[in-house]
There are 2 protein chains.
Amino acid sequence: MSKELRLHFAKHVELTEQEFAFCQSFFQTKRVRKHTLLLQEGEVCKYFLFVASGCLRAYAMDRKGEEHIVHFAFESWWITDDSSFWTGAPAIYFIEALEDSELLMIDAPGMETLLQKCPKLERHFRILLTNHAIALDRRIAASLSLSAEENYLQLLKVYPQLAQRVSLKHISSYLGITPESLSRIRKRLAKRPQKS
Amino acid sequence: MSKELRLHFAKHVELTEQEFAFCQSFFQTKRVRKHTLLLQEGEVCKYFLFVASGCLRAYAMDRKGEEHIVHFAFESWWITDDSSFWTGAPAIYFIEALEDSELLMIDAPGMETLLQKCPKLERHFRILLTNHAIALDRRIAASLSLSAEENYLQLLKVYPQLAQRVSLKHISSYLGITPESLSRIRKRLAKRPQKS
DNA sequence: CGCGGGTTTGATGATGCTCAAGCCCGGTGG
DNA sequence: CCACCGGGCTTGAGCATCATCAAACCCGCG
């Protein structure tokens, strides 16, 4: 299960076997079944999670009790409630497994130590966060300038796996529209000339 | 003008006078007047900009020629087109000064060298990017769950300076609504019992 | 079978958009 | 000093998109 983590780190830094073994020692592994709640709003988020396999979602709940998905996390992505994890503040998101998943977990003191002892990873995470920021900017730009339908198509272009793996309800929540609207959008697209 | 940069770095790392002097040597200074375009879509974004004073905006232009503001940058914030700056791809945003501004500029090779020679800054930027990601997540969650009016109020709560310094047109563009709508929102708010 | 979650469909309505006109105010030139 | 212009903001009327509410449908599972 840590093979995925090894490959993941290798994207931006080179680690020797020993170095990686050292890093790995900071993580616990966990297998969870679909629907497992890993974090609740209001708790302190103890772990930074690496998804070795499976799929999670982070969502916020508004005053009316509606859920709004802020992130999905598939294989070899990280997920956490950043503000809670890094500062110890109460979490503002829920995190839930959407499929049976294998996770690697590191807590905040572990993360601090890891980064201190293995400063190469500072670089790794800086690059990761930069890419993350690029993706978030694109999502924001898309939501500002596109219609619901265009937004959906753009999402599918970036994450083609999504339509297969995630329910209509969750995709609509991520897009900020109702399930009914997304259903109608799909219907329209289905009966329209489409490429590929 | 580099005093602001010094204070900024001091938020997350400690640098000696020499270290800072070294860092500083990587930056050029630039004063620009309101309305100056610092980056155009399609160009390669050569610089990572630190705003010592003043205010800039980054915006995307859609097919219809409408502008959508992705970020504002006030004093001691950074701004760039990340995907272009880090990878050399064509920029997808425009960057423009909204006020006369003082900028510190570093190019990509400079940035790489700086981070290599002064690894403490990896940490600084990682923390900065984490905070940035937190802010972006909140903006996304807000746009998913709030009405235009609630969104505007939330924005004012986070950046009270905004209403004074930035035109209605630009704020509405950031919120993803038309100037007309924001004008009506303000009218409604003005004639309603308000706190403070 | 029949239950139940997720999805689809339909009818109606609200929020925010479009287009067009008018207003306010600061700047310029006569 | 005033008349005029122009940009930014406001206001109004009609419209599009998407939300809401309610019902029906589909299909896997007990």
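**Two protein chains and two DNA strands: a predicted model**

Let me begin at the DNA. α9(B) gives the most to the surface near DNA strand D, with six residues; helices (H or I, at least four residues) and strands (E, at least two) are DSSP runs, numbered from the N terminus. This is a predicted model, in which local features need pLDDT of at least 70 and side-chain atom pairs count only at pLDDT 80 or more, while totals for chains, interfaces and linings use all residues. Residues are numbered from 1 along each chain as its sequence is written, and chains are lettered from A and ligands numbered from 1 in the order in which they are written.

To stay with strand D, 16 residues surround it, and the closest are A148(A), I177(A), S181(A), S167(B) and S183(B). A residue counts as near a strand if its C-beta atom, placed from the backbone, lies within 6 Å of it. At least two residues each come from α6 (148-158) and α9 (179-190) of chain A, and from α8 (168-175) and α9 (179-190) of chain B. By class, the surface near DNA strand D holds four nonpolar, five polar and seven charged residues. Here Ala, Val, Leu, Ile, Met, Phe, Trp, Tyr, Cys and Pro count as nonpolar, Asp, Glu, Lys and Arg as charged, and the others, Gly among them, as polar.

DNA strand C is likewise surrounded by 16 residues, the closest being S167(A), K169(A), S183(A), A148(B) and S181(B). Two or more residues each are given by α8 and α9 of chain A and by α6 (148-158) and α9 of chain B. On this surface α9(A) has the largest share, six residues.

Two of the helices at strand D also pack on each other. The axes of α6(A) and α9(A) come within 10 Å and cross at roughly 75 degrees; axes are lines fitted to C-alpha atoms, for helices over the stretch in contact, and angles run from 0 to 180 degrees between N-to-C directions. The two helices are therefore roughly perpendicular, a term that covers 65 to 115 degrees. A148(A), E149(A) and Y152(A) in α6(A) meet S181(A), L182(A) and I185(A) in α9(A). Contact requires C-beta atoms, placed from the backbone, within 7 Å.

How are the two protein chains related? A turn of 180 degrees and a shift of 0.0 Å along the axis lay chain B on chain A with an RMSD of 0.0 Å, which is the relation of a two-fold axis. The superposition is by least squares on the C-alpha atoms of residues with pLDDT of at least 70 in both copies. R126(B) is the residue of chain B closest to the rotation axis, its C-alpha at 2.3 Å.

The contact between the chains takes 27 residues from each of chain B and chain A. On the side of chain B, β5 (67-73), α3 (82-87) and α5 (120-145) give two or more residues each, and α5(B) provides the largest share, 17 residues.

Lastly, the sheet of chain A. It is open, with four strands in the order β2-β7-β4-β5 and antiparallel pairing, where pairing requires at least two DSSP bridges. β2 (37-39) and β5 (67-73) stand at the edges with a single partner strand each, so one side of each lacks a neighbour in the sheet. Between β4 (residues 56-61) and β5(A) there are six bridges, and R57(A) stands opposite F72(A) in β5(A). From the other chain, α5(B) lies across β4 and β5 of chain A, running at about 140 degrees to β5(A).

Conventions:
Contact = placed C-beta atoms within 7 Å. Parallel < 35°, antiparallel > 145°, perpendicular 65-115°, else oblique.
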